[in-house]
Every structure is written in C-alpha cells, then in structure tokens.
Amino acid sequence: MNLVEIAWGLDRLRWVPSAVLTEVVNRDGLCMWAFMDEPPWAGEELTDHELASRMCAGCPVRDECLELELRTAGADTVGVWGALPADERRELHWHWLQRGERAERRRS
Ligand code: SF4
C-alpha cells in the first residue's frame with residue numbers, strides 16, 4: 001500500500017476525538033503490553049523500518065496509532081509509530097494534510 005492509499009484509509013478516523021484514539025492505542029496497542037519483558041528482537045540491530053515491521057506486525061490499532069501520531073507530532077514525528085518509521089510518516093503527513101477538512105483548514 002502506498003502512502004496516498006494509507007492517507008485515504010485514515011479518513012475513516014478523522015472525526016474520532018484524539019482522546020478516544022489515545023485510549024484505544026494505550027489499551028490495545030501491541031507494544032503497550034506484549035513486550036513488557038524482553039522483546040524477541042532484543043540484541044539485534046534493527047533499522048526503524050525493520051523495527052516497525054517486527055514490532056507492529058499484528059497490532060490491531062495500527063491506523064489509530066498512525067492517525068494519532070500524525071495529529072500530535074505531525075512532521076516532527078520520531079521513532080516507530082503506526083507500523084511506519086519516521087521518514088515514511090513525515091512523507092505521509094504531507095499526503096494526510098491534503099485530505100478533506102485538513103486541506104480546507106489550511107486554505108482558510
Ligand atoms: S502500531 Fe506499533 S507503535 Fe502503534 S501501538 Fe501498535 S505496536 Fe505500538
């Protein structure tokens with residue numbers, strides 16, 4: 001899936017309040033509970049791309065996590081969130097801003 005398609009996919013969450021997204025990610029995010037001990041990749045040197053693919057695989061709230069990070073950190077995002085490394089999220093952020101009311105807000 002390319003970044004434009006990901007931005008389209010996040011449209012379904014655009015009216016969900018950030019507080020709700022935060023609650024959902026904190027409650028159901030895989031990294032919030034599954035790796036409390038040592039993660040399976042401990043000791044390996046992973047790029048952020050590899051970490052995103054390993055850590056976020058199977059997480060049920062990847063879209064919610066991504067939408068929340070785009071809203072809160074925007075282009076200043078760092079680390080791994082929403083199954084994407086920071087460089088891809090920064091690029092995605094631009095596409096995400098072009099969607100619906102976000103684009104309207106920027107024009108007004
Ligand atoms: S998508 Fe990744 S970073 Fe976000 S909550 Fe799930 S496991 Fe954690």
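Student: How many residues surround the ligand, and which are the closest?
Tutor: There are 14 around the ligand, with Gly29, Cys31, Cys56, Cys59 and Cys65 the closest; a residue is near a molecule if its C-beta atom, placed from the backbone, lies within 6 Å of it. This is a predicted model, where local features need pLDDT of at least 70 and side-chain atom pairs pLDDT 80 or more, while totals for chains, interfaces and linings use all residues. Residues are numbered from 1 along each chain as its sequence is written.

Student: What classes make up the shell around the ligand?
Tutor: The shell has eleven nonpolar residues, two polar and one charged. Ala, Val, Leu, Ile, Met, Phe, Trp, Tyr, Cys and Pro count as nonpolar, Asp, Glu, Lys and Arg as charged, and the others, Gly among them, as polar.

Student: Why are α2 and α4 called oblique or otherwise?
Tutor: The axes of α2 (residues 18–28) and α4 (residues 62–72) cross at roughly 135 degrees and come within 9 Å. Axes are lines fitted to C-alpha atoms, for helices over the stretch in contact, and angles run from 0 to 180 degrees between N-to-C directions. Under 35 degrees is roughly parallel, over 145 roughly antiparallel, 65 to 115 roughly perpendicular, and the rest oblique. So α2 and α4 are oblique to each other. Helices here are DSSP runs (H or I, at least four residues), numbered from the N terminus.

Student: Which residues of α2 and α4 make the contact?
Tutor: Ser18, Leu21, Thr22, Val24 and Val25 of α2 meet Glu64, Cys65, Glu67, Leu68 and Arg71 of α4, contact meaning C-beta atoms, placed from the backbone, within 7 Å. The contact of α2 with α4 counts five nonpolar, two polar and three charged residues.

Student: What makes α1 oblique to α5?
Tutor: Helix α1 (residues 3–10) packs on α5 (residues 86–97) at about 60 degrees, axes 9 Å apart, and that angle makes α1 oblique to α5. Among the residues in this contact are Leu3 and Ile6 of α1 and Leu92 and Trp96 of α5.

Conventions. Helices (H or I, at least four residues) and strands (E, at least two) are DSSP runs, numbered from the N terminus. Two residues are in contact if their C-beta atoms, placed from the backbone, lie within 7 Å.
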